[in-house]
Amino acid sequence: MNAPTRPHPSREPSRNQYRTVCVSDFHLGARGCKAERLCNFLKQTQCDRLYLVGDIIDIEKLQRRIYWPQEHSNVIRRVLTMAKRGTEVIYILGNHDEAIKQWLHYHPKLGNVEIRSQAVHEGLDGRRFLVIHGDIFDGIVQVQRWLYWVGDRAYDLALFINDTLNWVRERCGLAHWPISRFLKMQVKSAVNYLTEFESTMARYCKKRQLDGVICGHIHHPEIREIDGIAYMNDGDWVESCSALVETLDGRWEILHLNQEQALAPSRPWAEAA
């Protein structure tokens, strides 16, 4: 069992200190990205290790249309600043930024940021977790590419409706409502898809004799046990504005950043069995 790591002495004091932070699905370069809220979260956060669990830069969207406001650059600068100040930053590639994979053999590091296709994280209690974006376990992405293309554009439309509706709700004093996520969960086939995705990853980890998995991809933050395997999904920064964190005493929690920019744990979780 590893001893707890101490915050780097050169870092600025922070009221939100963690051993590990896992975030994914920023989709920088896409209009749905909540870049300003993400940057605020990173400013509030101090950690020893930061995992960027895929789909950080949406190269697919940028290839279709260039969209890159200053807020997106601020996120990149904040991550690089964290790496410079002593945080170990590991960038796990996903399907929307898979174009970077061709650089892996030649440039495995970008400054102080290490680039990988997957990693194994050892928790404070000694358990070992596969850290992977998750797209390789998605049959639609890997096999039915045409269906993935249609779904991706339908999702863009849902996000546009989501942003428009919530713009009206905010001006009426109502809370943010992630309508796109709500609609997905009302469709039985979508629920079955999520269940199969999670179960497939759990079976894979069991074969590799790992204790759990940390992933993203499906934009659905979740912590639960599947057949003795810890399944942890950190969510996204398009709909959920969520992160998965390992506290200094080894507990795992999902955090949500609300509209007031306040961090709130949605479900603490420590034991896998």
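Is Val21 buried or exposed? Select this residue to begin the tour of what is a predicted model. Val21 is buried, for its relative accessible area is 0%.

**First stop: Val21 and its surroundings**

Val21 belongs to strand β1. Display the residues that touch Val21, leaving out neighbours within four places in sequence: the contacts are Phe41, Thr45, Cys47, Arg49, Leu50, Tyr51, Leu244 and Val245. Then add Asp234, whose C-alpha lies 9.3 Å from that of Val21, although 213 residues separate the two in sequence.

With this pair on screen, consider the chain as a whole. Among contacts with a separation of 6 or more, 69% link residues that are 24 or more positions apart. The chain has 273 residues, of which 49% count as buried, and its secondary structure amounts to 7 helices and 13 strands.

**Second stop: helix α1**

Select residues 35-44, which form helix α1. This helix is largely enclosed by the rest of the structure, because 7 of its 10 residues are buried. Colour the buried positions: Ala35, Arg37, Leu38, Cys39, Phe41, Leu42 and Gln44. Residues three or four places apart in an α-helix point the same way, because there are 3.6 residues to a turn.

Next, show the side chain of Phe41, which was also among the contacts of Val21. Phe41 has a relative accessible area of 1% and is buried.

**Third stop: the aromatic pairs**

The structure contains 3 aromatic pairs. One of them joins Phe41 to Trp237 in a tilted arrangement, with 5.4 Å from centre to centre and 35° between the planes. Trp237 sits in the loop between β10 and β11, whereas Phe41 is in α1, so this pair ties together parts that are 196 residues apart in sequence. Trp237 counts as buried, at 0% relative accessibility.

Move on to Phe129 and Trp252, an edge-to-face pair with 5.5 Å between the centres and 65° between the planes. Phe129 lies in strand β7 (residues 128-131) and Trp252 in strand β12 (residues 252-257), so parts 123 residues apart in sequence are tied together here. Phe129 is buried at 0% relative accessibility, and the value for Trp252, likewise buried, is 0%.

**Fourth stop: the nonpolar cores**

Which residues touch the most other members of the largest nonpolar core? They are Val23, Phe26, Phe41 and Leu52, within a core of 32 residues. At least two residues of this core come from each of β1, α1, β2, α3, β3, β5, β11 and β12. Helix α1 makes the largest contribution, with 5 residues.

Centre the view on Leu52. Setting aside residues up to four places away in sequence, Leu52 touches Val23, Phe26, Val79, Val89, Ile90, Tyr91 and Ile92. A second core, separate from this one, has 15 residues, including Ala119, Ile214, Ile223 and Trp252. In soluble globular proteins, nonpolar side chains tend to be buried together.

**Fifth stop: the hairpin of β11 and β12**

Trp252 leads to strand β12, in which it lies. This strand is largely enclosed by the rest of the structure, since 5 of its 6 residues are buried. Strands β11 and β12 run antiparallel and are joined by 5 bridges. To find one of the paired positions, select Ser242 and its bridge partner in β12, His256. The hairpin has 5 residues between its strands, and Gly250 there adopts a positive phi near 90°.

**Sixth stop: the open sheet**

Now show β6, β7, β8, β9 and β10. These 5 strands form an open sheet with mixed pairing, in the order β6-β7-β8-β10-β9. Which strands stand at the edges? They are β6 (119-122) and β9; each has a single partner strand, so one side of each is left without a neighbour in the sheet. From one strand to the next, the twist averages 25°.

Within the sheet, β8 and β10 (residues 229-233) pair in the parallel sense over 4 bridges. Select Gly212 to see it opposite Ala230 in β10.

**Last stop: His217**

Follow the chain out of β8 (212-215) into the loop that leads to β9 (222-226), where His217 lies. This residue counts as buried because its relative accessibility is 11%, which is below the 20% limit for buried residues. Finally, display His133: its side chain is joined to that of His217 by a polar contact of 3.3 Å.

Terms used:
Residues are numbered from 1 along each chain as its sequence is written. This is a predicted model: local features need pLDDT of at least 70, side-chain atom pairs count only at pLDDT 80 or more; totals for chains, interfaces and linings use all residues. Side-chain values use heavy atoms; hydrogens and water are left out. Buried means under 20% relative accessible area, exposed over 50%, partly exposed in between (1.4 Å probe, protein chains only). A polar contact is a pair of N or O atoms within 3.5 Å; within protein, one must be able to donate a hydrogen and the other to accept it, and residues adjacent in sequence count only if both atoms are side-chain atoms. Two strands pair if DSSP finds at least two bridges between them. Axes are lines fitted to C-alpha atoms, for helices over the stretch in contact, and angles run from 0 to 180 degrees between N-to-C directions. Rings of Phe, Tyr and Trp (its six-membered ring) pair if their centres lie within 6.5 Å; planes under 30 degrees apart count as stacked, over 60 as edge-to-face and the rest as tilted. A nonpolar core is a set of buried Ala, Val, Leu, Ile, Met, Phe, Trp, Tyr and Cys residues joined through side-chain atoms within 4.5 Å. Contact means heavy atoms within 4.5 Å.
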